[in-house]
Amino acid sequence: MGRQKKKGRKKRMKLVWMSLLILVILGVIGGILIKTVFYENIENRMMSNAEANRLISYLAISDYEYTDRLGSSFTVKSAKKLLEAANVSIDKVDIKLEHVPGWIPITRKQFGILYDAMIQELELDRLFSVSLYIYDIDSTRDKEIDGIIYEVISTSGGEYYMEKDYGLDHSYVGKVAEFYVSNNEIILCLGESKEEITIKNAYAAKVIEEEGNKFLLSYVNGGMQKLPLSRKTDVVENIDPCLCDIILSNAGVKHIEDYTSDLLSARITSCTDGVVMVEGYEEPFYLSDAFNVYKTNGTFKAMQSAGTLIGYDQVAILLRDGILEAALITEDIYTKNIRVLISNSDYSSYYHNGVTITSDTDFTVAYGENVKEYAAGDKVEFQTGSEELQNGSTRITSKEEEGRITIVTVNRQSGCPAYRGTLELSKNDNGILIVNELPVEQYLYGVVPSEMPVSYEEEALKAQAICARAYAYRQMENNSFAQYGAHLDDSISSQVYNNVSEDERAIFAVDDTYGVVPCYDNNVIDAFFFSTSCGSTSNNSVVWGGIQEPYLLDTMETELNDIANLSDEGSFRNFIDGKLGTGFIEEKEPFFRWSVDFTKEELQDTIQNHLYERIEAMSENILARNSKGEYEKKSISRIGDLVDIQVTKRGDSGIIEEMVITGTEETILVKGQTNARSLLSPEKVTIHKQDGGTLKDWKTLPSAYFYIDIKDDGYSIRGGGFGHGVGMSQNGANDMAKLGYTAGDIIAHYYTAVELKDMYELLGR
């Protein structure tokens with residue numbers, strides 16, 4: 001009996017342990033299921049407080065009190081508080097909140113309904129939800145605004161930006177997703193969308209197959225995209241290239257709407273601020289927000305600038321209800337070639353001891369009756385004794401339209417420069433000369449980024465393109481570089497070319513202003529430009545002498561553009577010290593105000609060190625006082641100990657015209673802004689900018705808009721601006737563009753009473 005009880009007890013214990021083991025296993029499995037399924041679904045489904053607060057901040061509701069706990073969810077209570085702060089009735093929201101406990105979390109879907117209702121009731125047009133097809137997330141082009149880093153999201157609706165901290169998951173690339181956006185900023189991704197998207201004014205090229213999947217190669221927003229075909233698509237494999245709308249969903253491309261039969265042949269006569277004039281039509285056409293241009297002759301090119309249509313006799317255009325939707329370029333453009341003399345690496349000479357070239361495409365080297373062919377990447381060396389240079393010039397040309405020829409033996413800011421067009425080499429006793437011949441518009445592709453940072457506003461870049469084109473025109477009309485067989489050079493002696501590589505923003509600025517030049521009395525102007533103004537600009541005759549141009553005046557750099565009157569020393573000092581004038585366009589620019597301090601010995605030495613070279617360069621503008629007290633040309637190399645410096649004449653803009661430097665051995669009269677800046681060279685001292693930045697090793701002062709104070713321990717120079725001060729201020733142009741001014745407005749501001757005209761019509765076709 002006892003033995004049976006003992007046996008039964010063991011059996012029951014065994015069952016208990018087995019039950020416990022099963023419970024543990026079930027617990028573990030349950031935990032895993034909760035963690036991997038239920039918990040993650042809850043996380044995906046519930047709206048976090050942190051994310052909700054970020055979105056609510058875009059509603060700009062001043063009375064809403066933000067609350068957050070680490071990892072907490074947005075609740076019904078928070079939703080009610082939000083509605084109350086915004087004075088929006090709970091009845092306006094299509095979710096049940098009234099009798100729900102306040103601690104219940106709000107799902108992302110419910111928050112979306114709530115947010116949409118808030119946007120509608122508060123009438124916030126800048127905030128809306130939209131479905132977009134995602135082409136790419138380009139982290140290499142991150143943009144910083146007010147210290148926040150944004151990723152560039154390329155979509156069917158154009159480029160959007162999204163805070164990097166809340167960056168879009170790359171799994172959405174190639175998908176249609178729904179977003180909340182504020183202007184062009186994505187503030188929240190709501191997940192994949194079931195909507196169909198229409199990509200307007202695309203160019204369908206062909207259907208390809210990769211790994212058993214079919215794709216439609218098409219060009220949209222200026223670039224090529226590979227769009228997957230839906231299994232239910234009606235797009236045929238042997239599709240003809242066409243201008244079309246593309247309809248797609250997350251399943252892929254379902255249909256294309258071919259507009260080939262709707263295209264009209266026409267000539268575009270002008271394009272200004274989104275308004276296009278078409279020959280034969282009295283009323284203007286407006287550009288579509290989804291406007292695209294496709295060049296189909298020669299090398300295919302996709303663009304978004306209507307300005308590039310100017311100059312063609314005929315283009316194929318798609319017009320709908322007064323809107324210019326898209327265009328095809330099917331013929332060669334009329335343009336004119338310009339010849340640019342290429343300097344050596346340090347810009348010290350036009351002559352090269354030896355030249356080595358290569359190309360990114362196959363290329364030819366032609367000399368006399370000989371033509372040698374080379375493959376892409378081959379390097380060809382030229383010395384003065386090379387066979388190719390013994391009987392005239394040698395022409396090096398890429399065999400493809402978009403090919404670039406690189407000069408390996410020249411260095412620029414962006415490395416070895418690559419050139420469009422043709423390189424022409426010739427030699428004489430001094431070395432080898434290189435001339436780059438190419439169309440003017442392509443030349444400008446290399447000028448604009450070299451003369452203005454491409455990060456500047458679009459309208460500023462376009463204004464720079466207009467000025468650079470005018471300069472090129474004027475150089476083509478004179479013979480300054482005729483002895484070299486060129487129109488101009490690639491240095492600051494003309495305008496800097498190809499020091500910085502081409503950039504899409506600069507190319508757009510050139511294309512969108514195709515042929516546009518500023519004119520006065522039907523003549524192309526001298527469109528001088530400089531970096532930064534001090535709050536005024538100067539007329540040309542004060543700075544360089546010669547005939548005063550009516551469009552280059554002494555002006556105050558405000559939006560009113562009043563005439564300047566700062567020739568009085570006291571007025572100029574008050575102006576520089578901030579006691580005279582307000583509302584200056586560039587007053588926040590680092591170079592708007594600057595200062596330099598010298599000891600007496602430092603300033604004395606810099607004058608002595610540069611005196612002889614300045615007299616050699618401009619002897620008529622540095623004169624020495626004779627025994628009669630008159631100033632005359634005289635070969636001197638020192639002034640002795642420095643006694644005094646006085647500014648004796650200023651232009652109406654405040655720029656120095658003359659100053660007198662008194663020494664124990666000589667007293668000299670210094671004329672002109674170049675000499676004033678160079679003689680007082682700050683190369684051994686520090687320049688202090690108004691933003692706290694410092695600069696060293698500068699050969700000249702930033703500008704000739706300065707005054708000088710004598711102190712016990714030396715001299716203090718306080719000034720403003722950077723550059724000669726004539727014409728357009730580049731930073732001023734950028735600041736005007738930020739205020740909403742167009743390129744045309746900027747040109748009109750800096751060049752008095754000018755008109756914008758077509759350079760190629762002026763040159764004759």
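Which strands does helix α5 (residues 440–451) lie across, and at about what angle does α5 run to β27? The legends below take up this view and several others of a predicted model.

**Figure 1. Helix α5 lies across three strands.** The strands under this helix are β18 (337–341), β27 and β28. Helix α5 covers residues 440–451 and runs at about 115° to β27. β18, β27 and β28 belong to an open sheet of 7 strands. The order is β21-β20-β23-β26-β27-β18-β28, and the pairing is mixed. At the edges stand β21 (370–374) and β28 (488–489), each paired on one side only.

**Figure 2. Strands β26 and β27 run antiparallel.** β26 spans residues 422–428, and β27 spans residues 431–439. The two strands are joined by 7 bridges. For orientation, find Ser426: Leu433 in β27 stands opposite. In a regular strand, side chains alternate between the two faces of the sheet.

**Figure 3. Glu388 is a buried loop residue.** Glu388 lies in the loop that connects β22 (380–383) with β23 (394–398). Its relative accessible area is 9%, so Glu388 counts as buried. The Glu388 side chain makes a polar contact with the side chain of Lys372, at 3.5 Å. Leaving aside residues up to four places away in sequence, Glu388 touches Val365, Tyr367, Lys372, Phe382 and Thr394. Lys372 thus appears in both views of this residue: as a polar partner and in the list of touching residues.

**Figure 4. Helix α6 is largely enclosed by the rest of the structure.** The helix holds 20 residues, 458–477. Of these 20, 17 are buried, so the surrounding structure encloses most of α6. How far apart are the end C-alpha atoms of α6? They are 29 Å apart. At 1.5 Å a residue, a span of 28 Å is expected, which agrees.

**Figure 5. Strand β16 links β11 and β17 by antiparallel pairing.** β16 spans residues 315–320, and 5 of its 6 residues are buried, so the strand is largely enclosed by the rest of the structure. Strand β11 (residues 264–266) is joined to β16 by 3 bridges. Here Ser265 stands opposite Ala316 in β16. Strand β17 (residues 323–329) pairs with β16 over 5 bridges. On that side, Ile317 stands opposite Ala327 in β17. β16 and β17 form a hairpin with 2 residues between the strands. Asp321 in this hairpin takes a positive phi near 50°.

**Figure 6. Strand β38 takes part in two hairpins.** β38 covers residues 656–663 and is mostly covered: 6 of its 8 residues are buried. One hairpin pairs β38 with strand β37 (residues 642–650), antiparallel, through 7 bridges. In this pair, Lys649 has Glu658 in β38 as its bridge partner. The hairpin has 5 residues between its strands. Gly654, in the turn, has a positive phi of about 100°. The other hairpin joins β38 to strand β39 (residues 667–671), also antiparallel, with 5 bridges. Met659 stands opposite Val670 in β39. Between β38 and β39 there are 3 residues.

**Figure 7. An open sheet of 5 strands has antiparallel pairing.** Its order is β41-β40-β34-β43-β42. β41 (694–696) and β42 (706–711) are the edge strands, and each pairs on one side only. From one strand to the next, the twist averages 20°. β42 and strand β43 (residues 714–719) are joined by 6 bridges. Phe706 stands opposite Gly719 in β43. Helix α9 (residues 569–576) packs on the sheet, touching β42 and β43. The direction of α9 makes about 95° with that of β42. Helix α10 (residues 600–617) also packs on the sheet, touching β34 (594–598) and β43. The direction of α10 makes about 100° with that of β34.

**Figure 8. The close-ups belong to a protein with 14 helices and 45 strands.** The C-alpha trace spans about 145 × 75 × 70 Å along its principal axes. The radius of gyration is 35 Å, whereas a compact globule of 765 residues would have one near 27 Å. Of the 765 residues, 49% count as buried. Among contacts between residues at least 6 apart in sequence, 63% join residues at least 24 apart.

Conventions
Residues numbered from 1 in each chain as written. Predicted model: local features only at pLDDT ≥ 70, side-chain atom pairs only at ≥ 80, totals over all residues. Heavy atoms only, no water. Helix = DSSP H or I, 4+ residues; strand = E, 2+ residues; numbered from the N terminus. Expected span 1.5 Å × (residues − 1). Buried < 20%, exposed > 50% of the residue type's maximum accessible area, 1.4 Å probe, protein only. Pairing = 2+ DSSP bridges. Contact = heavy atoms within 4.5 Å. Axes fitted to C-alpha atoms, helices over the stretch in contact; angles between N-to-C directions. Polar contact = N/O pair within 3.5 Å; in protein donor to acceptor, adjacent residues only side chain to side chain. Rg over C-alpha atoms; globule rule 2.2 N^0.38 Å.
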